[in-house]
Each structure stands twice: as C-alpha cells, then as structure tokens.
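Reader: I'd like to go through this one and ask where the labels come from. Can we do that with the structure in view?

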Amino acid sequence: MASESGRAGTETAARTAGHLVRAGAVALALSLAVNWAVTFGAIAAGVAPALDAMSYEPVTFLTTVGVVGATLAYGALARVVRNPDRAFVAVAAVVLLLSLIPDFTVVPSQPGGSLLAGAVLGVMHVTTAVVCVWALTDVGR
C-alpha cells in the first residue's frame, strides 16, 4: 500500500512538473513573440537606434531569463505555499515594479537612450509579466 501511495505521489509530481514545463514553454514562446513585435516596432519607428538594449539579442536573452526565472519561482512556490497562484501574482507584481526602475532611471542616461526607450522596454516587462501570470497560474480562468 505504501509503495502505491508513493508511486501515485511521484506520478502527481511528474504531471505537475510536466505541466509547469509546458506552461513555461508557452509563456516563453508568447513573451518572445510579443517582445520581438515590440522590438520590431521600436526599431522601425527609430525609437532608439543606438541603444543596445533595443535590439533582438538582449531582448531575447533577457526575456528568456525572466520567463525561466518566473517558471522556477512558480515551481518553488507550488511546493511551499497553499495558494501558489496568489503568491506568484504578488511576487510577479513586486518583481515587475523593481524591473521598471532601471528602465526609467538608467536607460535614459545610456548612449542612445531616452525616456521613450525606457518606456518601450518597460512595456516589454509588463507584457512578459502578464503572459507569465496567464500561462503559469489559473488566475482569471
């Protein structure tokens, strides 16, 4: 009986881990698609042609880091709190607010930077946060 219970717990954990990986992959694909579209629009509009942060490579890298971090954070919260969705939304909100600080304080003073460029990068942070909350949680469903 104990081995059946242990096996069921392992299968549940595997399903949960598998679901988390799939949800993280969806969040990454959607976040990259949206952020690439924003980057394309910003480049086409000439928002900050000399700003390194406003190009595909750093946008791709930092979006990936953010989504992987969010997925790992959700997985950790799911193991230690009763309501990981609620906790994740709170953590995501705090991390989002913190991520906006350099967009409006550092980016405008960078070579090729401006307040508009910082705002565009901030939009990418917001869209990634929204996509992660949507994909990783059941909030709003």
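Author: Here are the labels, each set against its cut-off.

Author: One thing up front: this is a predicted model. The chain has four helices and zero strands, and from the N terminus on its elements run α-α-α-α.

Reader: Why are α2 and α3 called oblique to each other?

Author: Take the angle. The axes of helix α2 (residues 56–80) and helix α3 (residues 84–105) cross at roughly 140°. Roughly antiparallel would need an angle over 145 degrees, and roughly perpendicular covers 65 to 115. The pair falls in neither class, so α2 and α3 are oblique. Their axes come within 9 Å, and the crossing of α2 past α3 is right-handed.

Reader: Which residues make that contact between α2 and α3?

Author: From α2 you get A70, Y74, L77 and A78, and they meet P84, D85, A87, F88 and V91 of α3. By class, that contact has eight nonpolar residues, no polar ones and one charged.

Reader: What makes D85 the charged one in that group?

Author: Asp, Glu, Lys and Arg count as charged, and D85 is the Asp on the α3 side of the contact.

Reader: How do you know whether D85 is buried or exposed?

Author: Buried means under 20% relative accessible area. D85 has 14% relative accessibility, so it counts as buried. Across the chain, 31% of the 141 residues count as buried.

Reader: What does the side chain of D85 reach?

Author: The backbone nitrogen of D138, at 2.9 Å. The cut-off for a polar contact is 3.5 Å between N or O atoms, and 2.9 Å is inside that. Leaving aside neighbours within four places in sequence, D85 is in contact with Y74, L136, T137, D138 and V139.

Reader: Y74 turns up again there. Which residues does α2 use to meet α4?

Author: The axes of α2 and helix α4 (residues 115–136) come within 10 Å and cross at roughly 35°, with α2 passing α4 in a right-handed crossing. On the α2 side the contact is made by V59, T63, V67, A70, T71 and Y74, and on the α4 side by M124, T128, C132 and L136. That contact has seven nonpolar, three polar and no charged residues. A70 and Y74 are also among the α2 residues that meet α3.

Reader: How many of the chain's contacts join residues at least 24 apart?

Author: Counting contacts between residues at least 6 apart in sequence, 65% join residues at least 24 apart.

Methods
Residues numbered from 1 in each chain as written. Predicted model: local features only at pLDDT ≥ 70, side-chain atom pairs only at ≥ 80, totals over all residues. Heavy atoms only, no water. Axes fitted to C-alpha atoms, helices over the stretch in contact; angles between N-to-C directions. Helix = DSSP H or I, 4+ residues; strand = E, 2+ residues; numbered from the N terminus. Parallel < 35°, antiparallel > 145°, perpendicular 65-115°, else oblique. Left-handed = near helix turned anticlockwise from the far one by under 90°. Contact = heavy atoms within 4.5 Å. Buried < 20%, exposed > 50% of the residue type's maximum accessible area, 1.4 Å probe, protein only. Polar contact = N/O pair within 3.5 Å; in protein donor to acceptor, adjacent residues only side chain to side chain.
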